[in-house]
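The exercises below are meant to be worked through with the model open beside the text. Please try each task before reading its solution.

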Amino acid sequence: MSEKKNKLRSEEWFGKDDKMGFVHRSWLRNQGHPDHMFRGKPVIGICNTWSDLTPCNAHLREFAEIVKRGIYEAGGFPLEFPVMSLGETIMKPTTMLWRNLVSMDVEETIRANPLDGIVLLTGCDKTTPSTLMGAASVDLPTIVVPGGPMLNGKWRGKDVGSGTLTWQLSEGLKEGTITEKDMVEAESCMSRSAGHCMTMGTASTMGVMVEALGLTLPGASAIPAVDSRKKVMAHLAGNRIVEMVREDLKLSRILTREAFENAIKVNSAVGGSTNMPIHLTAIAGRIGVDLDIEDFDRLGSQMPMLVNLMPSGKYLMEDFYYAGGLPVVIDEIRKQIHTGAITVNGRTLGDNCRNAPCYDREVIGTVEAPIKENAGIVVLKGNLCENGAMIKPSAATPALMQHKGKAVVFETIEDYHQRIDDPALDIDETSVMILKGVGPVGYPGMPEVGNMDLPEKLLRKGVKDMVRISDGRMSGTAYGTVVLHVSPEAAIGGNLALVKNGDLIELDVQGKRLTLHVSEDELAERRRHWEKPKPVAERGYTKMFIEHVEQADKGCDFDFLKGSSGSEVTRDLH
């Protein structure tokens, strides 16, 4: 008895021999598609985030053609479509402002068109979560092809990491140990091939995240962008998405609670970015999985860090790939994760990574001999962050993990830039730097300004780190004792808005507390005099963002985008 064939969603467009079937097929024929392409072949949408304005993704036009080869080979019908691309290093004021917009673009493009399965071509930081959020809201068979990291940067005889070197050079320029000519020379040395940041920054973290979720073929995340094996992976992903459609292997079957828990633990094991919780929470909200900020602490804070990569370690993504990549890490922590979680290739995560060989234990440690103990993201609570804040211990200074100091307050990012290098600024290495007004509503878009540069006068004294607190984010390539994602943010009246110069602030990472040592009566009095800032926009998308974005602990998605609308479209265009 033959197996029952699933009806393809695209047949609602192409499978009818009436007026509407004629309309849907005939205009596409101007691209030279023969009749048999419309007759029962799975139609695969290739969501391409390529753009010349997104350097990390500039190679994805070629990748789309490779994916198409795989789709054709497997008997599918590939149709590529563009979406707004978010170039982290180019766009102002922050790509986070448009992450939700891109998710809407992806969701509505998929739903409105005759697509049976989706391939997401991603790379730069927000291009991965935004496209996945949109795809999750439609829930078709979906596979991710991560664009991959650049080759290792090479500068003056040593490996340098993109992003991480940026912060090092910036500090060196202030210290007087680096010249502007050095900076120009380092630019090309740091970025010498196609691909995204080769540190374990946010882009690499997002690649690891989707592999840990089971949404890529095994080992895909660490392969450098220009390695021929990345092209092989793209071709095979094209093969596999056609099979996924025939198996009806939808996103909701892969993105289970267990998969999200795996991603949290893997993020800790690789020393991933503090941006990951915001994006993972938003993705979970779209697929209907209840993920809470406490989950990241409960599941991840006690995990060992096994991957020795910048900014928390020594090596880079190219080295990680040569050492064996993410399958080694997953196999190493298999006792702590849900190995039975299904992945896009139809096998379990545990089966995909079983006995994965490690070729360099300096790059990938073991559970028994980790790079760092208890290195996952820690969630802080206290009267300065009632709904939570985050810190990444693996990138912080151990001596500052328990610290009490007086606040030096910057009311806005402009205030910070104007005063930080003023020799008269009353600040020393024991101070706690406070930056307000850079949260989701306040900036708007919650930019990566939380890892504030230290004052020039302290850098010249040899100070390398200080406690810094804000309602903003930090680049995944950055480092330091930086408390981020303070919620509620200052712009909507969180207690962060009430901090004054000289207030005593205590950070206790072990105790998971962030405390403003000011009485409740005094805070109430300050609140009486606090004035809500005026909205930074009165029209357009930014106005909508300000009015509907949720706080950091909820993933910064729009309140009206939680859940999904599915893939059904009941009305035709004529």
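**Exercise 1.** In which segment is D559 found? Describe its exposure and its surroundings as well.

*Solution.* This is a predicted model, in which local features need pLDDT of at least 70 and side-chain atom pairs count only at pLDDT 80 or more, while totals for chains, interfaces and linings use all residues. Residues are numbered from 1 along each chain as its sequence is written, and side-chain values use heavy atoms, with hydrogens and water left out.

Step one is to place the residue: D559 is found in the segment after α20 (540-548), where helices (H or I, at least four residues) and strands (E, at least two) are DSSP runs numbered from the N terminus. Step two is exposure, for which buried means under 20% relative accessible area, exposed over 50%, and partly exposed in between, with a 1.4 Å probe and protein chains only. D559 has a relative accessible area of 40%, so it is partly exposed. Step three concerns contacts, meaning heavy atoms within 4.5 Å: once neighbours within four places in sequence are left aside, D559 is in contact with E547, H548 and E550. Finally, the C-alpha atoms of D559 and F545 are separated by 10.0 Å, and these two residues are 14 apart along the chain.

**Exercise 2.** Locate E107, S51 and L255, and establish the exposure and contacts of each residue.

*Solution.* Begin with E107, which lies in helix α4. Its relative accessible area is 5%, and therefore E107 is buried. Apart from residues up to four places away in sequence, E107 touches G134, S137, V138, R286, L561 and S565.

Turn next to S51, whose place is in the loop between β1 (43-48) and α3 (60-73). S51 counts as buried because its relative accessibility is 14%. Beyond its neighbours within four places in sequence, S51 is in contact with N57, A58 and S85, and the C-alpha atoms of S51 and S103, 52 residues apart along the chain, are separated by 17 Å.

Last comes L255, situated in the loop between α10 and α11 (257-270). With a relative accessible area of 2%, L255 is buried. Not counting residues up to four places away in sequence, L255 touches L213, L215, F260, I283, I287 and V289. The C-alpha atoms of L255 and L213 are 6.7 Å from each other, although 42 residues apart along the chain.

**Exercise 3.** Which members of the largest nonpolar core touch the most other members? Examine F320 in the solution as well.

*Solution.* A nonpolar core is a set of buried Ala, Val, Leu, Ile, Met, Phe, Trp, Tyr and Cys residues joined through side-chain atoms within 4.5 Å. The largest such core has 124 residues, of which M209, L213, L215, F260, L280, F320 and V329 touch the most other members. Taking F320 and setting aside residues up to four places away in sequence, one finds that F320 touches A222, V307, L309, G325, L326, V329, V363 and I364. A second, separate core has 29 residues, including V378, L400, L496 and L507.

**Exercise 4.** Inspect the backbone for cis peptide bonds and for positive phi values.

*Solution.* For the cis bonds, consider the two prolines P93 and P311 in turn. The peptide bond from K92 to P93 is cis, with omega near 0 degrees, and P93 is found in the loop between β2 (77-82) and α4 (99-112). The peptide bond from M310 to P311 is also cis, with omega near 10 degrees, and P311 lies in the loop between α13 (293-300) and α14 (317-323).

For phi, D248 is a residue other than glycine with a positive value, near 55 degrees. D248 sits in the loop between α9 (228-247) and α10 (251-254), and it counts as partly exposed at 33% relative accessibility. N355, again not a glycine, has a positive phi near 60 degrees. The place of N355 is in the loop between α16 (349-353) and β7 (378-382), and N355 counts as exposed at 63% relative accessibility.

**Exercise 5.** Why does the radius of gyration of the chain agree with that of a compact globule?

*Solution.* The radius of gyration is taken over C-alpha atoms, and the globule rule is 2.2 Å times the number of residues to the power 0.38. Because a compact globule of 574 residues would have a radius near 25 Å and the chain has 24 Å, the two agree. Along its principal axes the C-alpha trace spans about 80 × 55 × 45 Å. The chain contains 20 helices and 14 strands, and buried residues make up 63% of its 574 residues.
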